[in-house]
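Q: I would like a close look at a single part of this model, with the surrounding architecture described as far as it helps to place that part. Please keep the account formal and connected.

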Amino acid sequence: MPYEPPTHTVERSLRATTGAKVIAGVDEVGRGAWAGPVTVCAAITGLRRPPEGLTDSKLLTLKRRTELARTLQSWVTAYALGHASPEEIDALGMTAALRLAACRALDALPVRPEAVILDGKHDYLGAPWRVRTVIKGDRSCVAVAAASVIAKVQRDKMMAELGIDHAHFGFADNAGYPSPVHKAALAEWGPTPLHRLSWAYLDALPQWRHLKKVRSWADGNVPEIEGQLGFDF
């Protein structure tokens, strides 16, 4: 399916309106998974012409995504990854975990960005970062698209390696996301140490439901459920 290649339009706008010279594109992967960390990549690309075929990682085949990630890792000015573990997701909720992972990625860059282009419509990053949110930024913005591809490939690799000790769950294929294999393994074996134990999928597993973790909400706010997929898929 044809698609428009990403551009530097948003970055040029930020440079013109804020004076920022160092701008990072930020994207996440793993938000809706049942297992594994949520991973955020921050990428700085400058205004150079991107590699051919760069777009949202979800639009690329596995082969092309892997090849492109290898090219991007040497093409970008800088990139860094940040992760929030399943335990941190359970303790903090997804929004706070995303912020934690994003801050870890941004802080790991060799130079501090003066502005951030964040994929999506919600600013989960906040102060002190100067943030511009862009819906479908992973398709339209060069730096965000680069971050999208690198994050996806790196997290998939991590999940395949972590999954060696949990062969029944098929993490090399599903990366911790819902799948028939993953569902069947959960029903038979229960969650592994890689699983998010506050997620809704445990509600459909009577024999393992006692393992579910429920955060205490002393401030009166209701728990976050965004991205928590149950067994109906």
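How many aromatic pairs does the count come to?

A: In this predicted model, the count comes to two aromatic pairs. One of them joins tryptophan 34 and tyrosine 201: the ring centres are 5.1 Å apart and the planes stand at 35°, so the pair is tilted. The pair links distant parts of the chain, with the two positions 167 residues apart in numbering. Tryptophan 34 belongs to the loop between β1 and β2, while tyrosine 201 sits in the segment after α8 (180-189).

The loop that carries tryptophan 34 leads into the sheet. Five strands make up this open sheet, ordered β3-β2-β1-β4-β5, and their pairing is mixed. Its edges are β3 (78-84) and β5 (131-134), each of which pairs on one side only. On average, and with direction ignored, neighbouring strands of the sheet are turned by 20° against each other. Strand β2 (residues 38-44) runs antiparallel to β3, and seven bridges join the two. Within that pairing, isoleucine 44 has alanine 78 of β3 as its bridge partner.

Helix α4 (residues 94-108) lies across β1 (23-29), β2, β3 and β4 (115-119), and it runs at about 150° to β3.

Two other helices also meet. The axes of α2 (residues 62-75) and α6 (residues 142-162) come within 9 Å and cross at roughly 120°. That angle makes α2 oblique to α6. The crossing in which α2 passes α6 is left-handed. On the α2 side, the contact includes Arg65, Leu68, Leu72 and Trp75; among the α6 residues they meet as a group are Val142, Val149, Ile150 and Asp156. Sorted by class, the contact between α2 and α6 holds nine nonpolar, three polar and three charged residues.

Two loops around β5 show backbone features worth noting. Most residues other than glycine have a negative phi, and most peptide bonds are trans. In the loop between β4 and β5 lies proline 128, which is joined to alanine 127 by a cis peptide bond with omega of about 10°. In the loop between β5 and α5 (137-140) lies lysine 136. Lysine 136 has a positive phi of about 55°, although it is not a glycine.

To return to the part in question, the tilted pair of tryptophan 34 and tyrosine 201 connects the loop between β1 and β2 with the segment after α8.

Notes: Residues numbered from 1 in each chain as written. Predicted model: local features only at pLDDT ≥ 70, side-chain atom pairs only at ≥ 80, totals over all residues. Heavy atoms only, no water. Pairing = 2+ DSSP bridges. Helix = DSSP H or I, 4+ residues; strand = E, 2+ residues; numbered from the N terminus. Axes fitted to C-alpha atoms, helices over the stretch in contact; angles between N-to-C directions. Contact = heavy atoms within 4.5 Å. Parallel < 35°, antiparallel > 145°, perpendicular 65-115°, else oblique. Left-handed = near helix turned anticlockwise from the far one by under 90°. Nonpolar A, V, L, I, M, F, W, Y, C, P; charged D, E, K, R; others polar. Phe/Tyr/Trp six-rings, centres within 6.5 Å; stacked < 30°, edge-to-face > 60°.
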